[in-house]
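Let's take a walk through this one together, starting with the whole chain and then stopping at a handful of residues. Keep the picture open as you read.

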Amino acid sequence: MTQFKRRDILKGMGGLAGLSLMGAGSLRTALAQGMASDEAWRQASGTTIQFISENTPPTTAIAANLASFQELTGITVNITEMQLGALVQKVALDFGAGRSAFDVIYADPYQVLAPYHRGLVDLNTFINDDQQPVVPKGIEDFIPSQLAAAGRFEDEESLYTLPYDCPTMIWIYRRDLFEKYHDQMQQDLGFDPMPSDSTTWEQYYQIAAWFSNGNASEVKYGTGHQAQQYDSLMCDFSNVLFAYGGSYFANGEQVGLLGTDSPGACQLTSDASLEAARFYQKLLKVAHPGSTSWDWTGVANAFQNGEFAMMPEWHEFAGSLEGSDLKGKVGYAPLPKGPARSANLWGGTGIGINANASPDKQKAAWLFLVWATSPQTQLMGLKSQVGGGTPTRQSVYDMPEVKAASTPPTDMPNMLTADTMLTAWQEGYIGLRPKIPQWNEVDTVIFTELSKMLAGQMSPEETMQSAKQRIDRIVGA
């Protein structure tokens, strides 16, 4: 799920301290440590390449700073930004026709990589070519779970993309209200309500009900959700499903990390999956009634307007929240635990190279991939006034100025989530939906059937049984 990453995530970030364009000399020095010569960076000078991307904050920042890349390499990059659904259609047509209208492709793992990975270059071709600039600090610098989930399919050797962005669902809450009412909540509920590693989904439900029962004058409800009949509903439910030990298919974590063409039978009628569905239905009954009409943007806007106290939400909304009247009042934590674990759904994407592109354009595209995912460019994105996402590299989080930005006051508001994210991406915390070629159809079944359950038209048992039957037909199980 990467459809949510729009420019509106970063409303309110206009006050960030911008990073001026890094001159080609400085950028070359920064990138060249342990890399090929200047001649390697100029090998495709005069080439023009086309980059197709979802209209995301990282691409917005890169588009505003392309002059430094062009000065470094002599390569012109034309960027086409659009909604993810339209991008998938254009990429599918490009691959199907055996052409390369687009040389660099924003390859969503579920909608592009899984069904069309054969149309992408195996990047080991360039990684193992000593005439090419190498990835700064090596591919080992990327968060390991993101490298596999964004870049690989079925095996651990081939690499089709470099991790480009990494939105992930976490627990976002009104820290000011939790602090104000802490003692009363603890007395009434019998446990410490402050989000922690030991907080459970059942406790989240009790906290939500406490607020919804009118105990705090500032908000009417305890929790809000992105439970519209849309991809966002699948995302919201998946956090609970995985936390309860349920899954869409057997070997769920492996299918989510590396993917497969043959996922086997759907597992939504397992005991753990049924328990998750029952809990989710119960939770939504105490949530803000607008939840079933909201996607990720809708629920974020309602939270920002003070309608409820907490929500599961994509972490990159921190940028807009910290630029609003809620600045300094918001807290961030991994999502609660279920009987199995805490699960935080990951929605990241990588960028890859069209295998139909000419050899010269593939070389130019590789230079762009190295630059666009480099630590220096990711730092630039963090400081950009017009966009920018959250780094996919450990070395960026280790930079002293980035570490300092993880506590207020900060000019990089997304970094206020850094400690939470470095937990959420660990094995045992990250939530990964199935990376299968049929995912678009499966996703539609999931949110359609769940929507009927939330409307009271079907029981959790009927919902999971119906979804399983439809999904099994889609995957041929």
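**A walk through the chain**

The chain exposes about 16900 Å², and carbon and sulfur atoms supply 46% of that area. Before going further, keep in mind that this is a predicted model.

So what is the chain built from? Its secondary structure comes to 23 helices and eleven strands. Picture a box laid along the principal axes: the C-alpha atoms fill one of roughly 70 × 55 × 30 Å. How does the radius of gyration fit a compact globule? For 477 residues, such a globule would have a value near 23 Å, and the chain has 22 Å, so the two agree. Buried residues make up 62% of the 477 residues. There's also plenty of long-range contact: of the contacts with a separation of 6 or more, 78% are between residues 24 or more positions apart. As for charge, the chain carries 33 positive and 51 negative charges, and the mean positions of the two groups are 4 Å apart.

Now let's zoom in on a helix. Helix α8 spans residues 144–151 and is mostly covered, with seven of its eight residues buried. The buried ones are S145, Q146, L147, A148, A149, A150 and G151. What do they pack against? The list has two helices, α6 (109–116) and α13 (252–257), plus the strands β4 (162–165), β10 and β11 (430–431).

The loops on either side of α8 are worth a look too. Leading into the helix, K137 sits in the loop between α7 (124–127) and α8. Its phi is near 65°, a positive value in a residue other than glycine. Is K137 buried or exposed? K137 has a relative accessible area of 60%, which is over the 50% cut-off, so it counts as exposed. On the way out, E154 lies in the loop between α8 and β4. E154 has a positive phi as well, near 75°, and it too is a residue other than glycine. With 39% relative accessibility, E154 counts as partly exposed, because that class runs between 20% and 50%.

Strand β10, one of the partners of α8, takes us to the next stop. A355 is in the loop between β10 (349–353) and α17 (359–372). At 33% relative accessibility, A355 counts as partly exposed. Leaving out residues up to four places away in sequence, A355 touches G119, L120, V121 and Q362. Here's a nice example of distant parts of the chain meeting in space: A355 and S100 are 255 residues apart along the chain, yet their C-alpha atoms are separated by 8.0 Å.

A64 gives a similar kind of example. You'll find A64 in the loop between α3 (57–63) and α4 (66–73), and its relative accessible area of 46% makes it partly exposed. Its C-alpha atom is 9.6 Å from that of Q385, and the two residues are 321 residues apart along the chain.

Next come two residues that sit in helices. S232 belongs to helix α12 (residues 231–243). How buried is S232? Its relative accessibility is 0%, so S232 counts as buried. A polar atom of the S232 side chain lies 3.2 Å from the backbone oxygen of Q226. Q226 also turns up among the residues that S232 touches, together with W294, D295 and W296, when residues up to four places away in sequence are not counted.

T448 is the other one, and its place is helix α22 (residues 439–454). T448 is buried, with a relative accessible area of 16%, since buried means under 20%. Where does its side chain reach? The T448 side chain reaches the backbone oxygen of T444 at 2.6 Å. An α-helix has 3.6 residues a turn, so residues three or four places apart point the same way. Beyond its sequence neighbors up to four places away, T448 touches Q229 and R470.

One last detail concerns the backbone. P408 and P409 are joined by a cis peptide bond, with omega at about -5°. To find that spot, look for P409 in the loop between α20 (400–404) and α21 (418–424).

Terms used
Residues are numbered from 1 along each chain as its sequence is written. This is a predicted model: local features need pLDDT of at least 70, side-chain atom pairs count only at pLDDT 80 or more; totals for chains, interfaces and linings use all residues. Side-chain values use heavy atoms; hydrogens and water are left out. Helices (H or I, at least four residues) and strands (E, at least two) are DSSP runs, numbered from the N terminus. The radius of gyration is taken over C-alpha atoms; the globule rule is 2.2 Å times the number of residues to the power 0.38. Buried means under 20% relative accessible area, exposed over 50%, partly exposed in between (1.4 Å probe, protein chains only). Contact means heavy atoms within 4.5 Å. Accessible areas come from the Shrake-Rupley method with a 1.4 Å probe; for residues, only the protein chains shown count as cover. Lys and Arg count as positive and Asp and Glu as negative; His and the chain ends are not counted. The place of a charge is taken as NZ of Lys, CZ of Arg, CG of Asp or CD of Glu. A polar contact is a pair of N or O atoms within 3.5 Å; within protein, one must be able to donate a hydrogen and the other to accept it, and residues adjacent in sequence count only if both atoms are side-chain atoms.
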